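Q: I would like to go through this model with you, starting from a single residue and then moving to the fold around it. Could you take my questions in turn?
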Amino acid sequence: MTIYYLYIKTHNTTGLKYLGQTSKQNPYTYCGSGKDWVKHLNEHGYNVHTEILRECNSKKRIKLFRKILFNLLQNIDRS
């Protein structure tokens, strides 16, 4: 059975945050694949903290949770 993880990675030096999902066995060592995030890691190094927000056994459910959380975070930033 595949487990999907929803996580937030925070760069410890710069404070930049990255919301992602993965099915890798160890989401703590997985870097993430966002183009801007990877560019940031290449410039500043992989000094990050990973927080697991949700675990699911359904890719569809983890995508739904990610979409909901992303929309909530977008609304908070606009306030």
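Q: Which residues does Thr-22 touch, not counting residues up to four places away in sequence?
A: This is a predicted model. In it, Thr-22 touches Ile-3, Tyr-4, Tyr-5, Tyr-7, Pro-27 and Tyr-30.

Q: Is Thr-22 buried or exposed?
A: Thr-22 has a relative accessible area of 8%. Because the cut-off for buried is under 20%, Thr-22 counts as buried.

Q: What does the side chain of Thr-22 reach?
A: The side chain reaches the backbone nitrogen of Lys-24, at 3.0 Å.

Q: Where is Thr-22 placed?
A: Thr-22 lies in strand β2, which covers residues 17-22.

Q: And how many Å apart in space are Thr-22 and Glu-51?
A: Their C-alpha atoms are 13 Å apart, with the two positions 29 residues apart in sequence numbering.

Q: Turning to the sheet, what is the order of its strands?
A: The order is β2-β1-β3, in an open sheet of 3 strands with antiparallel pairing. Strands β2 and β3 (48-56) stand at the edges with a single partner strand each, so one side of each has no neighbour in the sheet. From one strand to the next, the twist averages 20°.

Q: How many bridges join β1 to β3?
A: There are 8 bridges between β3 and strand β1 (residues 4-11), and the two run antiparallel.

Q: Which residue in β3 does Thr-10 stand opposite?
A: Thr-10 stands opposite His-49.

Q: Last topic: which strands does helix α1 lie across?
A: Helix α1 (residues 35-44) lies across β1, β2 and β3, and runs at about 40° to β1.

Conventions:
Residues are numbered from 1 along each chain as its sequence is written. This is a predicted model: local features need pLDDT of at least 70, side-chain atom pairs count only at pLDDT 80 or more; totals for chains, interfaces and linings use all residues. Side-chain values use heavy atoms; hydrogens and water are left out. Helices (H or I, at least four residues) and strands (E, at least two) are DSSP runs, numbered from the N terminus. Buried means under 20% relative accessible area, exposed over 50%, partly exposed in between (1.4 Å probe, protein chains only). Contact means heavy atoms within 4.5 Å. A polar contact is a pair of N or O atoms within 3.5 Å; within protein, one must be able to donate a hydrogen and the other to accept it, and residues adjacent in sequence count only if both atoms are side-chain atoms. Two strands pair if DSSP finds at least two bridges between them. Axes are lines fitted to C-alpha atoms, for helices over the stretch in contact, and angles run from 0 to 180 degrees between N-to-C directions.
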